[in-house]
Amino acid sequence: MSAAGFVYALGGARTRCTPSRADAKLAVDTHQLVSAKILRARRLLDENVSFERAWSEMQASRGRAASSTVEALVFSLRVGGTALACPHARRRLSELSEAQLHEVSARLQKFQLNIARAWTVIEVEFLVDIWIDLHG
């Protein structure tokens, strides 16, 4: 072990310690490192960051698309699978989490005739294949 010490996590905070030796006391750095979450929150609270941008970044960090993105995607897919050729639809699809993909797939299969034609299982499988390709 090096004399420089090592870093360990304690309750979400990181602390620097040096290993104990017979001739040295255990030294703990009292300056805890600021977590990335706190730094990001401070940056989002800056007056130059709009509420919409902050909200969007917070939602993106959860791995889920914003509900408005899901609604816009479902709305655009009312015309059928041909809408997936549109870059906007693909971008929105790429933002979905797996759980959201399942929710959208179920909604597409339950379209009412007065709104749009319900998607077939084959069309939904095509949608899932595109989502998989977009997520690499």
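## Core, surface patch and three residues in a predicted model

Tryptophan 119 has contacts with Leu77, Gly80, Gly81, Leu84, Leu108, Gln109, Phe111, Val124 and Leu127, when residues up to four places away in sequence are not counted. The model is predicted.

The largest nonpolar core has 20 residues, and Trp119 is among the five that touch the most other members, together with Leu77, Leu93, Leu96 and Leu127. Two or more residues of this core come from each of the helices α3 (67-76), α4 (87-95), α5 (98-109) and α6 (121-134). The largest contribution is that of α6, which gives four residues.

The protein as a whole has six helices and two strands. Read from the N terminus, the order of elements is β-β-α-α-α-α-α-α. Of its 136 residues, 25% are buried. For contacts between residues at least 6 apart in sequence, 40% link residues at least 24 apart. The exposed area is about 9,800 Å², of which carbon and sulfur atoms supply 58%.

Three residues in helices are set side by side below.

| Residue | Helix | Relative accessible area | Class |
|---|---|---|---|
| Serine 105 | α5 | 8% | buried |
| Serine 94 | α4 | 27% | partly exposed |
| Methionine 58 | α2 (residues 51-61) | 35% | partly exposed |

Serine 105 counts as buried because its relative accessible area, 8%, is under the 20% cut-off. Beyond four places in sequence, serine 105 is in contact with Val124, Leu127 and Val128. Leu127 also appears among the contacts of tryptophan 119.

Serine 94 has a relative accessibility of 27%, which lies between the 20% and 50% limits, so this residue is classed as partly exposed. With residues up to four places away left out, serine 94 touches Leu134 and His135. Serine 94 and leucine 134 are 40 residues apart along the chain, yet their C-alpha atoms are separated by 5.7 Å. The side chain of serine 94 also reaches the backbone oxygen of arginine 91, at 2.6 Å.

Methionine 58 falls in the partly exposed class because 35% lies between those two limits. Together with Phe51 and Trp55, Met58 makes a nonpolar surface patch of about 350 Å².

Definitions and conventions:
Residues are numbered from 1 along each chain as its sequence is written. This is a predicted model: local features need pLDDT of at least 70, side-chain atom pairs count only at pLDDT 80 or more; totals for chains, interfaces and linings use all residues. Side-chain values use heavy atoms; hydrogens and water are left out. A nonpolar core is a set of buried Ala, Val, Leu, Ile, Met, Phe, Trp, Tyr and Cys residues joined through side-chain atoms within 4.5 Å. Buried means under 20% relative accessible area, exposed over 50%, partly exposed in between (1.4 Å probe, protein chains only). Contact means heavy atoms within 4.5 Å. Patches are made of residues with over 30% relative accessible area and no salt bridge: like charges are joined within 9 Å, nonpolar side chains (Val, Leu, Ile, Met, Phe, Trp, Tyr) within 5 Å. Accessible areas come from the Shrake-Rupley method with a 1.4 Å probe; for residues, only the protein chains shown count as cover. A salt bridge is a side-chain nitrogen of Lys or Arg within 4 Å of a carboxyl oxygen of Asp or Glu. A polar contact is a pair of N or O atoms within 3.5 Å; within protein, one must be able to donate a hydrogen and the other to accept it, and residues adjacent in sequence count only if both atoms are side-chain atoms.
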